[in-house]
Amino acid sequence: MKRLAWPAGILAALLLVNLIFTDHFFQIEIKDGHLYGSLIDIFRFGAPLILVALGMTLVIATRGIDLSVGSVVAITGAMACLEISTLSSQDSIGGVLGAIGIALGLAVALGVGNGFLVAIVGIQPIIATLILMVAGRGLAQLITDGQIITINSDPYKLIGGGYWLTLPFSIIIVAVVLALMAFVTRRLALGLLIESVGGNAEASRLSGIRSHGLLIVVYAFCALCAGVAGLMISSNVSSADGNNAGLWIELDAILAVVIGGTSLAGGRFSLGGTVLGALIIQTLTTTIYSIGVPPETTLLFKALVVTIVCLLQSPAFRAKVFRSRRKPAPPTVPAGEKVTVRT
Amino acid sequence: MFKKIMALVAVGVLATACGSGGETTAEGGAPASGGGDSTITMGFAQVGAESGWRTANTKSVQESAKAAGIDLKFSDAQQKQENQIKAIRSYIQQKVDVIAFSPVVESGWDTVLQEAKAANIPVILTDRAVDSPDKTLYKTFLGSDFVEEGKKAGQWLVEQYASETGDVNIVELQGTTGSAPANDRKAGFAEVIGADPKFKVIASQSGDFTRAKGKEVMDAFLKANPDIDVLYAHNDDMGLGAIEAIEGAGKVPGKDIKIITVDAVKDGMQALADGKINYIVECSPLLGPQLMDLAKKVLAGETVPDRVVTEETTFTQEQAKQALPTRQY
């Protein structure tokens, strides 16, 4: 749990900034039978990023990376909206469930394709998933015919923009997925197996772990998470935008994973850290809108915050800067990996 | 290695863009065709498909190219200047007869336009301008006057609130930061409302011209500023996203918060007719026929004016109800 202290501290610092500079930031009220407030917004708009980042965490734990999640987001949103737009009644629950099933099935198939390229063909993950990252946007545009598909379906609206028991439905989905993942990876052996494949795939295979199958499952699961995120994003605005949905979300997701303390070198991962990382990114975005950072300097502002976060996360940096205050402990984790990210 | 990856990406982007562009080449066009024969080949580098407006614009260009017998090579830059520069370079290499494009942002075009000039390929700007001091880099600029659009939006607001004595709190959803429509619509609007100190822009952020961002930013605005009278969105799509945020906050769009947008695409006009938007300044995307005319004139050696403005109007809720049935896009 000590590992989570730094991301949690950073998140607290961001919230503190809002406490000082933004009125009503921590105010949560009930409106139209659901919770309403800035904190709820952070969860609501952050939900797709949390999901994508959770899937990404497992992929990165196997020493892989999945650049295609943004395209999968666009494809599933486009597919679901296209199917729903052809329904005779867009409010029919069966029809909407069918559309969701088709879209998520497509996402899993794309993920299995990624896993196949990585595990069986042996292409480096960054290249294997780059193929789908580039081609996938074209596929999404092909599905939408280059148009923005607008739908008007109440059941579909629930996924990303609706509420259940006063809570945003998207948060409930994320909570369920997180609980399932935590159970499967930490109570069962799967987490250990994933970490061992990330540590040394060949040694794991020789010791009896089916690393190929495991890799395919992990990539398929990552694509499934991205698929659900795609449904949320398109559902939130009741339209599918093949060009912009999930654009650059893969970079935000990787950033969230890294901020959360998962090593890009593979071999260990932290689900809680990833959730904190994604929340930090979304809080930062909301903060920028709320305190009114001029749009011209938004990217610079984000870059500064992310740089500070990464520096604080690096044990080597901390050891140097805070040396005077306490005795430098030998770093228990590899020194901060260099990552280039765009938020 | 990195260069190789980038080259792969570039080829992929071009391939997907051409693929989604549809059947634009009349003769099934071999990639290196163009130039030499009598048919005009035009390379068109589109911004992206970020809104319904843009899609209508793309369609207009593609259809009028077909009608005018011009062989169109189309690329989609996905709102990235790098992609657009790459597309223009590839058009220069393919030796097209004329290049037309809508710049993603205003600055940074001099180098690639110099290359086109050196290759003797005339360039026509559509819809958005570039801020280069060298006006010989392009033949003409065909498009809307965004400053004027901003002014029209401001004028309506000033008239509506003429009798209002208290402060009028305005929030603004800007387009993509640095793009000409965002800069000019903001400037024109600010100029008109600036004459009266009761108009206060209390928050202004970029919503990237998309619905999703429009909703997200408006949600943040609503929480940070409890007292918003007017929303001015630089396009319909951001306004449509913002309407959802306003409804989610338990307020009535069009009544509790008056909404002004620019563009007048079909979804926007529908919202205007439904009373959710109060006023739309039109920005017509149907400039394909004018573009093909200009291209032919330029290639025939005729002189063309260096600024051609598209014809546009404005819509109130009543006018929207009448115009909606015949709206093309």
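Chain B splits into two domains: domain 1 covers 2-144 + 285-311, and domain 2 covers 146-283. Keep in mind that this is a predicted model. Where those two pieces of chain B meet, domain 1 puts in 12 residues and domain 2 puts in 17 residues. On the domain 1 side of that contact, the classes look like this:

| Class, domain 1 side of chain B | Count |
|---|---|
| nonpolar | 5 residues |
| polar | 4 residues |
| charged | 3 residues |

As for the rest of chain B, there are 11 helices and 12 strands to look at. Of the 329 residues in chain B, 54% are buried. How do the contacts in chain B spread along the sequence? Taking contacts between residues at least 6 apart in sequence, 76% join residues at least 24 apart.

Now over to chain A, and one glycine in particular. A:Gly70 sits in helix 3 of chain A, which runs over residues 69-85. Is A:Gly70 buried or exposed? A:Gly70 counts as buried because 27 C-beta neighbours fall inside 10 Å, and the cut-off for that label is 20 or more.

Which residues does A:Gly70 touch, once neighbours within four places in sequence are set aside? The contacts are A:Met133, plus A:Gly246, A:Leu247, A:Trp248, A:Ile249 and A:Glu250. For a distance to check in the viewer, try A:Gly70 and A:Leu192: they are 122 residues apart along the chain, and their C-alpha atoms are separated by 28 Å.

Notes
Residues are numbered from 1 along each chain as its sequence is written. Chains are lettered from A and ligands numbered from 1 in the order in which they are written. This is a predicted model: local features need pLDDT of at least 70, side-chain atom pairs count only at pLDDT 80 or more; totals for chains, interfaces and linings use all residues. Domain bounds come from an automatic or database domain assignment. Two residues are in contact if their C-beta atoms, placed from the backbone, lie within 7 Å. Ala, Val, Leu, Ile, Met, Phe, Trp, Tyr, Cys and Pro count as nonpolar, Asp, Glu, Lys and Arg as charged, and the others, Gly among them, as polar. Helices (H or I, at least four residues) and strands (E, at least two) are DSSP runs, numbered from the N terminus. A residue is buried if 20 or more other C-beta atoms lie within 10 Å of its own, exposed if 12 or fewer, and partly exposed in between; C-beta atoms are placed from the backbone.
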